[in-house]
Amino acid sequence: MDSQLSRVLSARSIAVVGASNDPGKRGHQAIKRLLVDGYDGAIYPINPNEKEVLGLKAYASVLDVDGSVDAALICTPAETLPEILAQCGKKGVSGAVVLAAGFGETGTKGAALAKTCLSVARENRVRILGPNTNGVFNLHNRMNLVGIDDAAPGEIAVVSQSGNMALAFFVDGIRRGGVGYSTYVGAGNQLDAGISDYLAHLGEDENTGAIVLYIEGLTDGRRFLETCRTVTRTKPVVVYKAGRTAAGSWSVGTHTGSLAGSFALTRDLMRQAGATVIERSDMILSVADGLAKLPIGPAGKIAVLSDGGGHAAVAADAVIEHGLDLSVFSAATCDRLAAVLPSTATVGNPLDTAGATENHPERFVDLARILLEGPGVEVLLITGMIGGYAARFTERLLDIEISASLEIGSLARHYGKAVVIQSAYAAQRPKPLEVLQTAGVPLFEWTEPAVRCIAELNHYAEAKARIATAPRIARECPPAAAIGIVETVASQGRTSLFEYEAKALLEAHSISVPPHIVVRERGDLSVAAARFGEAPVAMKIVSGDILHKSDAGGVKLGIA
């Protein structure tokens, strides 16, 4: 673990540079938030024009502080950063969270300033988080340098290249309830510390059970994949990659030649490294919450328990459509279920309670126990109106539902199997559902996200097992032939390889590719014909101006 980064993200003393008594300034809001949240570390306001900020003694500079400083939150303009970083270095500050914009994203002048700041930071052994970040937090030590209200401590860590997307996650978690956060880092420009650094730190953070990454672009893809491969041996990493389309790539500034192909490759590489790649932003948090709470193991066979035929049918469809399997109940399990259910019920999977739970929600416990004890059931999905009976029917059922929720949570822990709840009342957050969430049972408003979470649990278990047994690949110098190909492309000022060059590069690394030949003039056709014989061949155009050959009509198949 990077000790400097760790010291910043678990800071016990913070200097707020640019502290202010103006409620509209970030240097005021940050200190107020620390005080309101009960941060029990030392807070040092830095402002040469103030004697006191929010009742705390103010200092002219970091160097004037009479105690040690773990981290600095810098709220001043970009041009002040070099001098402040030098002062932080002399004071022994481990890292600076830099809010200001105005660096590489603004052009040549900003890029030059960024280069100077990085040089000063490294010379003085100060890590830079940002710049152009909306802040960081560690809710387990009440260090909230973002200013988000009402977010609860928990197991999910978030690293995001978008402050707005991070805010969306937090608001969603607060609305859903039962979702808590450990650490958040706004990656910003990643001038110094970057996504791979934060991922490595969170992989060793004892308060983090699952990691969410919102990524727009990576500066060192290989390092990220190696870090991800290490972290996913012990913790799930849920990734949303923005810029999957031409419009999206333009928006985030990641201009690339083959846009759709690039994302497909990125997605597959991330999955090989064990990451859970989600392509719907509204599912990121729910999947991460489920992976953090559920026991990690192959999903195997799924039992669906529902109090309504509609929910049962929707759940069964979702299970099959996600490539999962429904359990086949044993004869003994069926007999036990029939003893609890009314005679009108049909015992099967999915299992419809046929009204047995409407006045007796405690029967969910009996049915859940039978299913979890039965052979061939690794996951139990309870779907329908569970937790909302008091709201739907009569208040006298509330205590019964709360007791049932406690017992279902105990069953999940006792049997060590995944129990997932989908309830039509999830958005209303009745007490029975809050009890289930507190017991570590993930809760969903809709069936499809619940089943998607189970599917990703299965995929992650498979990836974790694969990574655990796969040999680590040592970095080796590329073969001379491979170096030659890349050097030739670079010397011609190109940023992409022709297809025949890409195949040659693979062959240089002992990877087999289909036979091919480059035809530059009509006379070369006879050479190609002699090589391939009478077998049908494909012809593809080679042009630096045409990367999407099929779209341009540059591919002909079945040529004899």
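This passage describes the overall make-up, the sheets and the helix contacts of a predicted model of a protein chain.

The protein chain contains 20 helices and 22 strands. Its C-alpha atoms fill a box of roughly 90 × 80 × 40 Å along the principal axes. Of the 560 residues in the protein chain, 48% are buried. Contacts were also sorted by separation along the sequence. Among those between residues at least 6 apart in sequence, 71% join residues at least 24 apart.

One open sheet consists of five strands in the order 2-1-5-6-7, and its pairing is parallel. Strand 2 (42-46) and strand 7 (127-129) are the edge strands, and each pairs on one side only. On average, neighbouring strands of this sheet are turned by 20° against each other, direction ignored. At the edge formed by strand 7, three bridges join this strand to strand 6 (residues 95-98), and the two run parallel. Within this pairing, G95 has R127 of strand 7 as its bridge partner.

A second open sheet is built from seven strands in the order 9-8-11-10-12-13-14, with mixed pairing. Here the edge positions are taken by strand 9 (143-144) and strand 14 (276-277), each of which pairs on one side only. Strand 9 pairs with strand 8 (residues 136-138) in the antiparallel sense, over two bridges. In this pairing, M143 of strand 9 is the bridge partner of N138.

Helix 10 (residues 284-293) lies across five strands, namely strand 10 (152-160), strand 11 (180-186), strand 12 (210-215), strand 13 (237-241) and strand 14. Relative to strand 13, helix 10 runs at about 170°.

A single residue of helix 7 was also examined. G221 is found in this helix, which spans residues 221-231. The relative accessibility of G221 is 33%, so this glycine counts as partly exposed. G221 and M270 are 49 residues apart along the chain, and their C-alpha atoms are separated by 9.7 Å.

Strand 18 (residues 379-384) pairs with two other strands, strand 15 and strand 19. With strand 15 (residues 301-306) the pairing is parallel and extends over five bridges. With strand 19 (residues 418-423) the pairing is again in the parallel sense and extends over six bridges. L381 of strand 18 takes part in both descriptions: V304 stands opposite L381, and L381 stands opposite V420 in strand 19.

The burial of strand 18 can be followed residue by residue. In a regular strand, side chains alternate between the two faces of the sheet. In strand 18, V379, L381 and T383 point one way, whereas L380, I382 and G384 point the other way. The residues on both sides are buried. Because six of the six residues of strand 18 are buried, the strand is largely enclosed by the rest of the structure.

Two helix pairs were described in terms of their crossing and their contacts. In one pair, the axes of helix 11 (residues 309-321) and helix 17 (residues 447-469) come within 9 Å and cross at roughly 35°. The crossing of helix 11 with helix 17 is right-handed. Helix 11 contributes H311, V314, A315, A318 and V319 to the contact, and helix 17 contributes T447, E448 and V451. By residue type, the contact of helix 11 with helix 17 comprises five nonpolar, two polar and one charged residue.

In the other pair, the axes of helix 18 (residues 480-491) and helix 19 (residues 499-508) come within 8 Å and cross at roughly 155°. Helix 18 is therefore roughly antiparallel to helix 19. The crossing of these two helices is left-handed. On the side of helix 18, the contact involves A481, A482, I485, V486 and V489, which meet E501, A504, L505 and A508 in helix 19. The residues of the contact of helix 18 with helix 19 divide into eight nonpolar, no polar and one charged.

Technical notes
Residues numbered from 1 in each chain as written. Predicted model: local features only at pLDDT ≥ 70, side-chain atom pairs only at ≥ 80, totals over all residues. Heavy atoms only, no water. Axes fitted to C-alpha atoms, helices over the stretch in contact; angles between N-to-C directions. Helix = DSSP H or I, 4+ residues; strand = E, 2+ residues; numbered from the N terminus. Parallel < 35°, antiparallel > 145°, perpendicular 65-115°, else oblique. Left-handed = near helix turned anticlockwise from the far one by under 90°. Contact = heavy atoms within 4.5 Å. Nonpolar A, V, L, I, M, F, W, Y, C, P; charged D, E, K, R; others polar. Buried < 20%, exposed > 50% of the residue type's maximum accessible area, 1.4 Å probe, protein only. Pairing = 2+ DSSP bridges.
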